[in-house]
Amino acid sequence: MGSKYPKSLRIFLPLWVLMLEIAFILVFFFFASYETISKKSEFLKTYHAFQDINVMAVLGLGFLKASLRRYTWSSVAFNLFNLALGVQWAIILDGFLFSSSGKITVNIQRIILGAMSAMSVLISSGATLGKVNLIQLIVMTLLEVTAFLGTKNVSWVELQGNEHQSMMQIHLFGACFGVTTAWCLPGRRLNAAKEKERGTTTSSLFTTLGTLFLWVFWPTFNSALLEYPSEKETAVYNTYYALTVSAVVAMSFSAATHSHGKISMTHVHRATLAAGVAVGVATNLIHSPWIAMVLGLLAGMISIAGAKYLLVMVQQVIGIRLDAHGRSCLKPQCECICSVPFRAGFQILYSAGSLCLFMAMGLVGGMLTGLILSLNLWKAPHEGKYFDDQVFWEVSPSMNLT
Amino acid sequence: MGSKYPKSLRIFLPLWVLMLEIAFILVFFFFASYETISKKSEFLKTYHAFQDINVMAVLGLGFLKASLRRYTWSSVAFNLFNLALGVQWAIILDGFLFSSSGKITVNIQRIILGAMSAMSVLISSGATLGKVNLIQLIVMTLLEVTAFLGTKNVSWVELQGNEHQSMMQIHLFGACFGVTTAWCLPGRRLNAAKEKERGTTTSSLFTTLGTLFLWVFWPTFNSALLEYPSEKETAVYNTYYALTVSAVVAMSFSAATHSHGKISMTHVHRATLAAGVAVGVATNLIHSPWIAMVLGLLAGMISIAGAKYLLVMVQQVIGIRLDAHGRSCLKPQCECICSVPFRAGFQILYSAGSLCLFMAMGLVGGMLTGLILSLNLWKAPHEGKYFDDQVFWEVSPSMNLT
Amino acid sequence: MGSKYPKSLRIFLPLWVLMLEIAFILVFFFFASYETISKKSEFLKTYHAFQDINVMAVLGLGFLKASLRRYTWSSVAFNLFNLALGVQWAIILDGFLFSSSGKITVNIQRIILGAMSAMSVLISSGATLGKVNLIQLIVMTLLEVTAFLGTKNVSWVELQGNEHQSMMQIHLFGACFGVTTAWCLPGRRLNAAKEKERGTTTSSLFTTLGTLFLWVFWPTFNSALLEYPSEKETAVYNTYYALTVSAVVAMSFSAATHSHGKISMTHVHRATLAAGVAVGVATNLIHSPWIAMVLGLLAGMISIAGAKYLLVMVQQVIGIRLDAHGRSCLKPQCECICSVPFRAGFQILYSAGSLCLFMAMGLVGGMLTGLILSLNLWKAPHEGKYFDDQVFWEVSPSMNLT
């Protein structure tokens, strides 16, 4: 019943991680220091925003991906692994790329940026989930964070981007990166065993738990990087309004697309969050609730109606067989692609270039990463073992969710 | 296995929701604007209270209702639907009723009030859960929020109520409203299939998760609308003390009422929260911990011991067959009714009238809503399909919780 | 199927709890009052820290212990019971022991201290879980909180300890206390029925949920009692860095210790948190991220590699049969014992005595408590009924997690 893990991996995995961590520690030893500002109130305020984002990344995105019957443990645990690794690498890279002194100064703002950059990996991994092992995840985390921060750097230099605008492109970047990476992995036409990809009521409840965490704390995510208090406030209001409309639309429109008028839980997960993404970039520039509401309405509708046809199209074109679970995991991807048309409207006004840049870099970076991950070197799990906790976890035979 | 959803509903639901949302957007277009105060610290403080209340509404009340074996998805998802719809309507109505300018000014305080008003629907829906479809939920949300804000308006004009006092009546209002609405729905004498109403260990754990979210954040709920810092502080202490005593009492007294001395999880869910309701209205006026503790003790005891006999009595009198799950869902109702006697003691001092007003309006409003919802017009689910996720959700045949 | 609860317990439990609560209320009536400072901003800041700690205690530690197939309800619910009782007793005792006036002044700082002191019981109960009934839990809570606060008192008088340093010893104290208490209980050599101790995927996901709550909010725990803003900030950074490294190490090293290279979920639960404990005492004194990272690396490695051999050793020496679930529940214990070596390095510098004191008092206190709990007086559950929700809870026959 259990499946053997290649012996080489068993030896290499801890060795590589140890070497990587020692390298990180050495970099921090030579180049990093804490910047402790004594303004207590400033720190505490940002600390709360940081915790909200942490809850979104660890609990929200972690449980969001837990909808597979036989892949719940990996979804939640590897999500934490990716985040913890990604945030360390992002802070190092960010320090070298974006600081004038060549020193890494660690403060709460830098940690928030690191956590957000690492979230690009968490979004992408929705597409590669169940197909890669831990070593591949390490490679992917390092490459994607590098690609994202590199792209951010270019967008700053070439396009006068700012922190908020570039970070809000993370959904799009992560989506494109994840899709192309998954496309390059072997077995993309594989029709995963039906038994494995079916969700259960329980795992779906955990996914709903993740969705609700994201729903509640999204206003913090969309406002954390804005500088002026009044901008933050507007961003919170707009995000909240877009999310409420989108939640209402999600359930009713999902019923409309089903032949028996039934609601799909996957639609609900996807559409309730689409608005948060859609309103992201321009959230501080919208000065009336009705615009945010229209965005929420469109995001909810497009992510349900559009996704249905778009997915079919995408599958035809790029040949990915997105099975039931893939669609659920690809949630952020779909909503991003869907939101392009009306986000474009806003983008044109100030940063259409940035959008294209992040999208292109996401596609190219994902492609390269996917090719690297396809090398025989990494002892990837055999295609027959995709989407199975038992490849990675010590489970007792009768423990599966039923 | 699956049951067909009436075709008309499939077409009407998204159409109605779309029209409703467009109407809301038009109202916001013509009448609403953001009020952005630049005092950053004030906004951030209130924003945290808002998030706590959001966690209570979305995660707490959502999962609290998830204890049914075959109705967990609907409980959690429809809860979000009700909240998202209710908060939009509440802000519109609140703006027209309680602002002198006739304009809707959206700020964080108004959104908190909107979310709290919408929580009346979330409380009531505990009683109607599993018996109504989404269209009926829309009608119920609109009617109940209107009734609650109307009652609040009357209590302000006639009884010099304030924001905190009227909002703390929401449990009582929601409970009365829910009970009478459910009473008017067909099938109240129905003995739901035993298989459906039985909880499972897993769904009960999700309910416990919801209960614990409410337990942790209740002090914020009871203090959010108070004006003066010292009042807020006292409210937090009193609520916390009442909740701790009530949690201790809950488990030990539950064991006493069972013939084999076993604890009922339903009792625990109900009694741990009873104290938060009981201490609500007067929470800023209690100046010693021991009074809060006595209230917590009584709330815990009455909600267990009282509920047992009161429920039997209520069932005899009004003819509702409150089955196992109904009792669990009616938690807030029971505790409210139970808490009337000793809350009355405090109420007499300043607002006995308000209590009666909210109760009466809740009963009358619920009755009318129930009658409206009983119309054939709404294509309500057939009684045999009560409490079944499959009526609304796309589920694979073998997905049920076991 | 159900097992009868001794009749005497059914009568005595509510009676005792009632008497205890009335005694508490009388003490608060005569000796306690609220101290309401009107500095709103100070209160609100501490209130957020209080809520984070509450989330950790109620949701984090509660669900962390939910990994047993047949003991999930008791784990979560009795955890709340212990906390709610412990915090009341801790505030009383703390007021008498540490205030000059002999009066109990209740403010938010005191409530945080009370909640943290009560957390010692929550840590210990990981070891006694499933073997004691509610009356024994009451006795244990009262005795352990007394022992902890007594030890704290001694450490202040004799060793010039401060609030932060003594509170960070709580993991060690709780671990030692729990292990010796469990050792004195009958049936320690008992080989619990395999069926009961086996976890399920679902219960393990709830445990993961608890772990992640602890992971997210641990920085608040380690910084809440520090006085100066800059100390708080440093504590947050160090804890976060240690936790990220430890999370990365957890998964890779767990794979290394398994013969087939599989990851153990129990390891992940334990090792991701080990760093938070390891970095606790000295967290405000570390001024570079790399030291925190080294601590996190060591904590993660030792808690996995060490635990494996240490546990075998401990089992040989003290004769406790730590079965699969015991190991999971003993998580905090193991990591504490494991962290002694390198914590010692820091301790030597300022408070090696304190470490020994809390450890010794934990062992002695636990021993005495264990002996008291072994008395026939308490009608402890029969050994054959260990780890079974059905002893305490009203469950329908077919409700068990499968």
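**Entry 1. An aromatic pair in chain A**

I began with Phe148(A), which is buried at a relative accessible area of 0% (buried means under 20% relative accessible area, exposed over 50%, partly exposed in between, with a 1.4 Å probe and protein chains only). The model is predicted: local features need pLDDT of at least 70 and side-chain atom pairs pLDDT 80 or more, while totals for chains, interfaces and linings use all residues. Residues are numbered from 1 along each chain as its sequence is written, chains are lettered from A in the order in which they are written, and side-chain values use heavy atoms, without hydrogens and water.

I then searched the whole structure for aromatic pairs and noted 57 over all chains. Rings of Phe, Tyr and Trp (its six-membered ring) pair if their centres lie within 6.5 Å; planes under 30 degrees apart count as stacked, over 60 as edge-to-face and the rest as tilted. The rings of Phe148(A) and Phe358(A) are 5.8 Å apart at their centres with planes at 45 degrees, so I recorded the pair as tilted. Phe148(A) belongs to helix α5 (residues 134-159) of chain A and Phe358(A) to helix α15 (residues 352-373) of chain A, so that distant parts of the chain, 210 residues apart, are linked. I took helices (H or I, at least four residues) and strands (E, at least two) as DSSP runs numbered from the N terminus. Phe358(A) is also buried, at 0% relative accessible area.

**Entry 2. A pair within one helix, and a ring cluster**

I next looked up Phe173(A) and Phe177(A), a tilted aromatic pair with 5.8 Å from centre to centre and 35 degrees between the planes. The two are four residues apart in helix α7 (residues 170-184) of chain A, which means a separation of about one helical turn. Phe173(A) counts as buried at 0% relative accessibility, and Phe177(A) does so at 0% as well.

I also noted a cluster linked by ring pairs, with Tyr34(A), Phe43(A), Tyr47(A) and Phe50(A) from chain A and Trp215(C), Tyr237(C) and Tyr240(C) from chain C.

**Entry 3. Salt bridges**

Side chains of opposite charge can pair when their charged atoms come close. I searched for salt bridges (a side-chain nitrogen of Lys or Arg within 4 Å of a carboxyl oxygen of Asp or Glu) and found nine over all chains. Lys152(A) forms one with Asp94(A), the closest N and O atoms being 3.7 Å apart. Here Lys152(A) in helix α5 of chain A is linked to Asp94(A) in helix α3 of chain A, 58 residues apart. Lys152(A) is buried at 0% relative accessible area, and Asp94(A) is buried at 4%.

Lys152(A) also forms a salt bridge with Glu163(A), with 2.7 Å between the closest N and O atoms. Glu163(A) is in helix α6 (residues 163-168) of chain A and Lys152(A) in helix α5 of chain A, so this pair ties together parts that are eleven residues apart in sequence. Both Glu163(A) and Lys152(A) are buried.

In chain B, I found a salt bridge between Glu163(B) and Lys152(B), with the closest N and O atoms 2.7 Å apart. Glu163(B) lies in helix α6 (residues 163-168) of chain B and Lys152(B) in helix α5 (residues 134-159) of chain B, so parts eleven residues apart in sequence are tied together. Glu163(B) is buried at 17% relative accessible area, and Lys152(B) counts as buried at 0%. Back in chain A, salt bridges that share partners join Asp94(A), Arg110(A), Lys152(A) and Glu163(A) into one network.

I then checked Asp94(B), found in helix α3 of chain B and buried at 4% relative accessible area. Not counting residues up to four places away in sequence, Asp94(B) touches Ser99(B), Arg110(B), Leu149(B) and Lys152(B) (contact means heavy atoms within 4.5 Å).

**Entry 4. The interface of chains A and C**

I recorded 67 residues of chain A and 63 residues of chain C in the contact. The two chains bury about 5,900 Å² between them, 74% of it on carbon and sulfur atoms (buried area is the accessible area, 1.4 Å probe, that two parts lose on being put together, summed over both). The count of salt bridges between chain A and chain C is zero.
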